[in-house]
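Here are my notes on the model, as numbered points. Please read them with the structure open.

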Amino acid sequence: MSLPRAVENQLDVFHLPFVHYNTIGRGGKTLVHGPLVKVLDDYSFIIYPFNEVDRGQKPLRSSQINASGLRNYLWFIYRMFGRITYPGT
């Protein structure tokens, strides 16, 4: 699987309530907090999705989210030929 396809299909967990509103993302008004991303090392990170029913509250910033209270997460490990490099670095 290519990296862009992985991002589209697995890392973008925040699109679920909107794109898949009548199946796996059903529930109605949805507020998306974060995202909260925890970098583990040069090759892996964890994304904690935190969505809840929108009752008029403001979305939380990632610095306001306590990951210890979240049960769902996506642990992404990317190892190919060495360190992850970004354009321009």
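1. Start with the strand pairing. Strand S1, residues 30-39, runs antiparallel to S2, and eight bridges join the two. This is a predicted model, so treat each point below as a statement about a prediction. Within the pair, Val-37 has Ile-47 of S2 as its bridge partner. The link from S1 to S2 is a hairpin of four residues.

2. S2 also pairs with S3. That pairing is antiparallel too, over four bridges. Here Ile-46 is bridged to Trp-75 in S3.

3. The overall layout puts these strands in context. The chain has two helices and three strands. Read from the N terminus, the order is α-α-β-β-β. Among contacts with a separation of 6 or more, 59% link residues 24 or more positions apart.

4. Check the peptide bond between Gly-34 and Pro-35. It is cis, with omega near 15°. Most peptide bonds are trans. Pro-35 lies in strand S1.

5. Next, the core. The largest nonpolar core is made of five residues: Leu-36, Ile-46, Tyr-48, Ile-65 and Leu-70. In soluble globular proteins, nonpolar side chains tend to be buried together. Leu-70 contacts Tyr-48, Phe-50 and Ile-65, neighbours within four places in sequence left aside. Of these, Tyr-48 and Ile-65 are also members of the core.

6. Is Ser-44 buried or exposed? Its relative accessible area is 6%, under the 20% cut-off, so Ser-44 counts as buried. The residue sits in strand S2. Beyond its neighbours within four places in sequence, Ser-44 touches Val-39, Trp-75, Phe-76 and Ile-77.

7. Now the surface. Leu-40, Tyr-73, Trp-75 and Ile-77 form a nonpolar patch there, with about 440 Å² of accessible area together. Two of these patch residues, Trp-75 and Ile-77, are also in contact with Ser-44.

8. Tyr-73 deserves its own look. This patch member is in the loop between strand S2 (44-53) and strand S3 (74-77). Why does Tyr-73 count as partly exposed? Its relative accessibility is 48%, and partly exposed covers the range between 20% and 50%, so Tyr-73 falls in that class.

9. Finally, the totals. The chain has 89 residues, of which 19% count as buried. About 7000 Å² is exposed, and carbon and sulfur atoms supply 55% of that area.

Note on methods: Residues numbered from 1 in each chain as written. Predicted model: local features only at pLDDT ≥ 70, side-chain atom pairs only at ≥ 80, totals over all residues. Heavy atoms only, no water. Core = buried A, V, L, I, M, F, W, Y, C linked by side-chain atoms within 4.5 Å. Buried < 20%, exposed > 50% of the residue type's maximum accessible area, 1.4 Å probe, protein only. Contact = heavy atoms within 4.5 Å. Patch = residues over 30% accessible without salt bridge, like charges linked within 9 Å, V, L, I, M, F, W, Y side chains within 5 Å. Areas by Shrake-Rupley, 256 points an atom, 1.4 Å probe, with all protein chains shown as cover. Salt bridge = Lys/Arg side-chain N within 4 Å of Asp/Glu carboxyl O. Pairing = 2+ DSSP bridges.
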